[in-house]
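Subject: Structure handover

Hi,

Here is the structure I promised to pass on to you. My notes on what turned up in it follow below.

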2 protein chains.
Amino acid sequence: MAAAEYEPSVVLSNTTYDVIGTRPIRHDGADKVTGRALYGADYQSAGLLHGKILRSPHAHARINSIDTGKAEALQGVYAVVTFQDLPDTPSGATVDYGEGAMDLGYMRTNVMAKDKVLYVGHAIAGVAAISDHVAEEALNLMEVEYEVLPSVVTAPDGMSGDAPILIDELRTNELGREGGGPSNVAEHFRHELGDVAQGFLQADVVVEKEFNTAMVHQGYIEPQNVTALWNNDGRVHIWTSTQGPFEVRGAVAACLDVPVSQVKVTPMEIGGGFGGKFPLYHDPVAALLSKKTGRAVKIVMTRKEVFEGTGPTSGSYIRVKIGATNDGKITAAEAYLAYEAGGYPGSPVGAAAETVFGPYDLANVVIDGYDVLVNKPKAGAYRAPGATNAAFAAETVIDELAEKLGLDPVEFRLNNAAKEGTRRASGLVFPRIGMIEMLEALKSHPHWNAPLDGPNKGRGVAVGYWMNGGAESSCTISINADGTLNLIEGSADIGGTRTSVAMQAAEVLGIKAEQVHPAVADTDSIGYTSGTGGSSVTFKTGWAAHEAAQHLKEQLVQRAASIWDIDAEAVTLEGGVFQSKSDPELRMSFQELAARLNGTGGPIAGRGSVNASGPGGAFAGCIADVEVDPETGKVDILRFTVVQDTGKAIHPSYVEGQMQGGAAQGIGWALNEEYYMSESGQMLNSSLLDYRMPTSLDLPMIDTVIVEVPNPNHPFGVRGVGEVPIIPPPAAVANAIYRAVGVRMDRLPMNPVAIMEAIWKLNG
Amino acid sequence: MAAAEYEPSVVLSNTTYDVIGTRPIRHDGADKVTGRALYGADYQSAGLLHGKILRSPHAHARINSIDTGKAEALQGVYAVVTFQDLPDTPSGATVDYGEGAMDLGYMRTNVMAKDKVLYVGHAIAGVAAISDHVAEEALNLMEVEYEVLPSVVTAPDGMSGDAPILIDELRTNELGREGGGPSNVAEHFRHELGDVAQGFLQADVVVEKEFNTAMVHQGYIEPQNVTALWNNDGRVHIWTSTQGPFEVRGAVAACLDVPVSQVKVTPMEIGGGFGGKFPLYHDPVAALLSKKTGRAVKIVMTRKEVFEGTGPTSGSYIRVKIGATNDGKITAAEAYLAYEAGGYPGSPVGAAAETVFGPYDLANVVIDGYDVLVNKPKAGAYRAPGATNAAFAAETVIDELAEKLGLDPVEFRLNNAAKEGTRRASGLVFPRIGMIEMLEALKSHPHWNAPLDGPNKGRGVAVGYWMNGGAESSCTISINADGTLNLIEGSADIGGTRTSVAMQAAEVLGIKAEQVHPAVADTDSIGYTSGTGGSSVTFKTGWAAHEAAQHLKEQLVQRAASIWDIDAEAVTLEGGVFQSKSDPELRMSFQELAARLNGTGGPIAGRGSVNASGPGGAFAGCIADVEVDPETGKVDILRFTVVQDTGKAIHPSYVEGQMQGGAAQGIGWALNEEYYMSESGQMLNSSLLDYRMPTSLDLPMIDTVIVEVPNPNHPFGVRGVGEVPIIPPPAAVANAIYRAVGVRMDRLPMNPVAIMEAIWKLNG
C-alpha cells in the first residue's frame, strides 16, 4: 500500500495573526505522554468501595422480581441498589445531557431498569463492595426473574405491524398501529421545501435506492467510569470522564432529585469521547451506593459493558431518491430516514435530516424522519451524529446520478453546491459558507488529478455537511508576576482545545501561546459551560477566552495609564508592549507590567462569558483510492485526501488531526465496524478484537487540505472542525469500490462478505 | 476549677445586616468532621516515592564532607540530593514567603545546609525511596563529617563579645565587635518619639524590669508535608499544607531558579498553621528528588522534625522601663528587645517594637530592637509574632506601676489609652480604633466586678495590640441555575474563612450564606492572593468577595433590565428580589433570574481583585483569675475572659473561636510551653507529651466579649481578629499570680519550677 506524501496546505487565508495559525506544543502534552494525566480510573481515596452493575442478559424481558438478599449477605458487600432507590418524583421533565435530551422517567429506567429490560446490557442493579472481585461475585448472587419477550433489532422490523412493543405508552399517530395503538415509532417529522412531485417531473434522470447501515460504536479507548461521594452535608461529588461536566451535574441532580448546586462534577482527563461521553449511566448508581455506605464508590466499566451498556450510534434504513436534468441541475430530492433509537426514544435522525442534502442548493425537497425503538442500547451521539449514515446514502445516489448524466462527479456537485443564502428543507438559511471553495480546492488537488492505473482500483469522491454548535461558555484569566497567564475554562478537552483556546487569549494580548497555562476546572470553579460537543469548543470557549483577554487588556491598559499618570486612551498594547501614544519614553513590556500589578492596586483578572451562536456550517470532501481483491472482497485504501472548510484554523496541526481522525473513523464505518447482532439481540462481537476498528497499519497517511473561509460570526473566524470529516468517507469509499469492481454498495459496513455478495450478484 | 458560664455578647453595633452577624454552619464542616477533607499526607498517586530528610545532630558544626554513596546504593533508594543540587544563581535577592522575607542564599542553605549547620535539625540532604522505611534506612547510611563548633542558644549570649559566630559575613555596626567584625546581630533598629530622658524626669514613679521568655512552637496538629512532581515539560506541581500557596510558589521558584509560572501549588487542607505554615522547608527538596527520579515524591515530617526543623517563635530578652506621674499619666517608656532569630536572620522583633507600647498614647518613647542569631531553628511566625513576649514585659510593668501609684489597673490603662490620631514611635498614626471601647467593656464586665475570695487566688488584667494585615486578594463568583453561587478564592482556610468570605458575598446579593459554595483554588486557578496571615483573610478576601458580588450584581441587574426591556437604572435588587422601580408587575427572584441566564445572553460571573490596605488595628484585653498552689507552684486558671475590638464580626462564633483559641495558646505560653534546651543546643522535649500544651481539661470555658468598632476602611467594617487575643494572656496570668501569692514573674513559662523559685526568693 502506497502512502501519499503528507502535505498539509492552507488554501485560503485572510488576516495575519501572530499566534493563530502557528503550531505550538500542546499544554497538556507532557502529562499525556508521561502517563501522568489523571483519568477517572486513576481515582483513589481512603475507604474507596468498588461498584459493579448487574445487567440484563435478555434483549427484551419483563422483570417479575429482583432478589438481592444473597448478594447483600456476601462478606465484603456494603450495599446494593435498584430502581427502588431512585426517587420517584413525577416525570414529564426533559433532561438535557449535552448532545441530546431525554425524558427524566426514561433516563431513570435506563440508569436502572424498573419493570422491563429493553436491551442486552440494560442496567438493573448496582453493588458496592470491598473489591471488584467481591462485587462481581455479588452480581452472580442476584436473582432476577425474567419473563422473556420477543425482540426486534432493526428499524424496519421495529416499524412493522407485528413488532413487539418496547414502551407501551408510545403512540405516534402518523405511523402508529391501526386505531393509534402502541408503536415503536417515538417520533416522525417531515421537512418540505418546494414541490417535490413537480421537481421529479422536470428531471431527465432519477435514481432511487435503499440503504441499510449497522449500529457502530465510537470506539473510545477509555471505558466509562465514575467515582461518587455523597457527603454528609448532602453534597454529591462526582469524578468522571465526561464531555459535559455541567450536563452531568444537571442530569445527576435531576435523576436524584437534588438541586444542581448540591452536585459538584470534577471532569477527569478523558480517553476519547466522540459524543459517547455525554449520556448518564452509572453516575447516579455510584451516588446512591455512596449515600448508603457513607463511602466513595468507584465504578469502571469493562469493554463488554461499554459496548452493551452505553450509547453507540444508530443503525438505519434509508431511502434516497434524486432527480436531475441532463445539464446537471438537481430538480428534486427525497429522503426517508428510519433510525434505530435503541431501547428509549432519541436517535440522531433529526441531524440526519438536517444534513442529508446539506451540501446542495435544492428547490424541491421532502425528508421524512423516523425515530424507532429497537432492542439495542439507547443510541448516543457519535461525531456528526446521524450524518454519516445519511451521507453514505445521498452521496452514492449523487455519484450514480452524475455517472448516468455523464458528468464529472465534482463538477456535478459544484453545479448544485449550497452557498450563502441557500434555504434548507428545515427552513434554515445558510450564512457565509465554504462549500464551493472546498470543492474547488478538491478539484485542483494533485490527488484528484493523478492517474490511478491497474485492475480493481478505483477512485471515489463524496462530500458532507455539518452544522456545528455553540452555546454557553465561561473563561477566567489571571495574570502571574512573570507575565504568564492562568486560563480557567469549563470545557473538557478531548481534542487539544486547551491549546486552541489559550492561543486565542494569547493573540488578543500579543503574547506567546506558551505564556498561557490553560486548565479545565470543576463545576464549582468556573461559570456554566455547555459540553464539549458539536465541534463547539474552539468556537465558543475560544470566544469566551477572547472576551476574557479583552477584559484583561482593558484593565492592564488602565493600570499602565495610572502608573504613567496619563489617560487610558493614550495607551496602546501592541506586540506585547504597552506604550504611550505621545511619549515614546513611556514603554513597558507585558512582563514588566505584570510584575508591577501587586504593588499598584492589586492583581487583575479577566473574565468572559458567552452564549455563542452562529458557529457557521462546515463542509468536507474526501477523495478515496481503493483496490478491491475480487477473490476475497478485501478493500485496501491506497490513498485518501480530506479537504475541509475549517473557517480560520487556530492550530492547523490539531485541525489536520481532526480531519485525519474523522477520516480514519469514517473508513472504519465504511469497511469493518458494526454491532454484529444475533436474532435474539445478543451482540456477538463485544470486544475490540472482534469489533474491528482500523489501525494505523490499515490506513495510508491521510492527506489534508485546510480551506479557510472565515466565519464572520466569530472574532477570529472560527468554525467547528471536529465532526464533518467523518461524514463523507463511507460514501467516497463506496464510490471508489464501484469504480474498482463495478458494484454499487448499499449497506455498511462494506466488509468482504458484503463485497463478495455484491460481486456475486453482479455476476449473476 | 469553676468554669465561667459562656455568655458571648456583642457590645457595640451599628448597621443591620441580613447575613453578616449570623452564625451559619461552616461550608467545609461535613468534610472536616467526617474525615473526608484531604490533607497533604492523604496525597496518593501511582508510583509515588517517599522522601526523608537527613538532619544535623549538632547545634553548630562545619560540614567537611557528605558521602551519600552507601545510601544511593541501597536497594529501594531512587535518588539523593544535597545542597549541590540546588541552583547556585547569585544571591542578594530577598524572597517574600508570606509572613516574612529571607535572603535567597540563606533560604537555600536553610533548605539544605551548604558548609555549616546552624542548629540541631538543620536539613542537610534528602532521599527518595520506595517506602518511608527504606528512606529512613538510607539516612543512616549517609556519612557526614562534622567539625563541631561551640554553640549559643540565647539572645544575650549570642550578643556577647566572645560568642561563637554563626554567619561570618554578618556585620552590624551598631553592636558589632570592635572594628566592625563579625557579629550575631543581624539587625538593630531604634524607634524614637519625643524626649525620653525628659519624660523620665517628669515621672513620679519609674519601674524598670528585665524579662526572659522561652522559644515556643505553634503546636499545630498536622506536621509539615509536601508532594512534588517535576513534570517533563518543566512544570513543578506542589501539593502542600500551607498558609500561602502563592508565596510557596514564589519561594519554590526562586529557590529552584524557575519562573513562577512553571510552579503550580495546590493548597491541601491545613491542620493548623498559626503562622508556622508559611516558611519554605522540604518543598524544593521534594521537587529536586522528583526531577531526578521522574516520579512524584512525598515528604511528611515527624513530630520531632516539626519541633527541630521548622520555625517556632523567638525566645527573647526584654527590658522595659516606664515612668508615670502620680495622677496616672505615663511620661516616658523605653524598651530593649533582643529576639532570637535562630540560625538565620529574621525574628519578629520588628512587630514586637510596633506593638510593645501599642495600646498607649505616649509622648516619649525609645524602642531598641535586636535580631540575634542563635543555634536554634530559624524563627517563624506565630500568631501576632513577637507581640506576646513584648506584652508580657510591658503589661507586667504597667501593672506594677499602677499598683505603685495606687491606681486601678484598668483606669490607669484607660488614662493612657491609644485613640484615633495617636502617633506611635514607629511614626505610624492610628486611624479609628477601639482601645477605649474595649477597655470600657472590660471594666463593666461581670467578671471584672465579681468577688474573688480565698487564699492564693488572684485576678490579673492585661491588654494587647496587633496591627493586622491586608494586601492582594482575588475572588471569582459564578452563578448556578438554581440561584446558588460558586465562589473561588485563593486564601487557604485556617479559621473558617470560607464561610466569613462567602457571607460577605451573600450579604451583597441578598441571599443566604448557604447559597454560596466557597472553594479554595490552586495557584493556576485564581488570581494572585497573598497568604493567610496577619489576620487578613476576612478583611481582604471578604473585600474581594464584596467586589466580585457587586460586579455580579451589576450584570444581573442589567440582565433583568434587558429581559424586561427597561433601563438598568430602573431595576433594584433588594432582599434577593429584582424589581422594576416603576412597574410592580416586573418582579423576579434571584433564583428565577439565575435559571434564565443561559437562555438570555449566557452565564454571568463576577470577579473582584483588591490590594487591601487599612485593616485597622485590633485591641484585646484579658481578665484572668488564678489559684496558685504555694507548695508545688502549680497554677490553675479559675476563670478567663477575653474582650476584643473585632471590628464588625462577620461570623460571631468564629470570632469567639479565635478569641478562645488565642487565649488558650496564650495560657500555654504563660504556664507550660518552652523549647527546653540543653547547653549544647539539643531540644530535650521534642514530643507533644513533653512539650506540654494546654488541653481542654486544663482550661475553664473562656468567656468572650465582642466589641464592634467598625473599620471605616472596609465595606463591612471588618478588622482582623485572629492574632491579638494571644497577646495579653501571659501578662494577665502573671499579674494574677502576683495578686495570688505576691511574686512578680519575669520569665516565661511560669511553670511550677519558676513559681517556686520566685516564692523561695520572695521568702528569702
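How many residue pairs are in polar contact between domain 1 of chain A and domain 2 of chain A? The count is six residue pairs, both residues of each pair being at pLDDT 80 or more. As that cut-off suggests, please keep in mind that this is a predicted model.

**The two domains of chain A**

Let me start with the domains themselves. Domain 1 of chain A is made of two segments, 41–151 and 221–309, while domain 2 of chain A covers 471–612. Their C-alpha centres lie 40 Å apart. In the contact, domain 1 of chain A takes part with 17 residues and domain 2 of chain A with 19 residues. Together the two domains of chain A bury about 1,400 Å² between them, and carbon and sulfur atoms give 54% of that area.

Besides the polar contacts, two salt bridges cross this interface of domain 1 and domain 2 of chain A. A salt bridge you may like to look up is the pair A:Asp524 and A:Arg235, whose closest N and O atoms are 2.9 Å apart. On the side of domain 1 of chain A that touches domain 2 of chain A, α7 (245–256) and β14 (263–267) of chain A each supply at least two residues. The largest share there comes from β14(A), with five residues. By class, that side of domain 1 of chain A holds seven nonpolar, four polar and six charged residues.

**A run of hairpins in chain A**

Next, some strands for you to trace. Strand β23 (residues 571–574) of chain A runs antiparallel to strand β24 (residues 577–580) of chain A, and four bridges join them. These two strands, β23(A) and β24(A), form a hairpin with two residues between them. In its turn, A:Gly575 has a positive phi of about 55°.

β24(A) also pairs with strand β25 (residues 587–589) of chain A, again in the antiparallel sense, through three bridges. Here too the strands form a hairpin, with six residues between β24(A) and β25(A). A handy residue to centre your view on is A:Gln579: A:Thr572 stands opposite A:Gln579, and in β25(A) the bridge partner of A:Gln579 is A:Arg587.

**Chain A against chain B**

Finally, the contact between the chains. Chain A and chain B each bring 51 residues to it. The area buried between chain A and chain B is about 3,800 Å², with carbon and sulfur atoms giving 47%. A:Arg36, A:Pro603 and A:Arg607 supply 17% of the area that chain A buries against chain B, more than any other three residues.

How many salt bridges are there between chain A and chain B? The count is zero. Polar contacts between chain A and chain B, on the other hand, number 30 residue pairs, with both residues at pLDDT 80 or more.

Several elements of chain A each supply at least two residues of the side that touches chain B, among them α1 (29–33), β12 (225–230), β20 (471–479) and α16 (537–564). β26(A) gives the most to this side of chain A, with five residues. The residues of the side of chain A that touches chain B divide into 14 nonpolar, 27 polar and 10 charged.

Happy exploring, and do write back with any questions.

Best wishes

Note on methods:
Residues are numbered from 1 along each chain as its sequence is written. Chains are lettered from A and ligands numbered from 1 in the order in which they are written. This is a predicted model: local features need pLDDT of at least 70, side-chain atom pairs count only at pLDDT 80 or more; totals for chains, interfaces and linings use all residues. Side-chain values use heavy atoms; hydrogens and water are left out. Domain bounds come from an automatic or database domain assignment. Contact means heavy atoms within 4.5 Å. Buried area is the accessible area (1.4 Å probe) that two parts lose on being put together, summed over both. A salt bridge is a side-chain nitrogen of Lys or Arg within 4 Å of a carboxyl oxygen of Asp or Glu. A polar contact is a pair of N or O atoms within 3.5 Å; within protein, one must be able to donate a hydrogen and the other to accept it, and residues adjacent in sequence count only if both atoms are side-chain atoms. Ala, Val, Leu, Ile, Met, Phe, Trp, Tyr, Cys and Pro count as nonpolar, Asp, Glu, Lys and Arg as charged, and the others, Gly among them, as polar. Two strands pair if DSSP finds at least two bridges between them.
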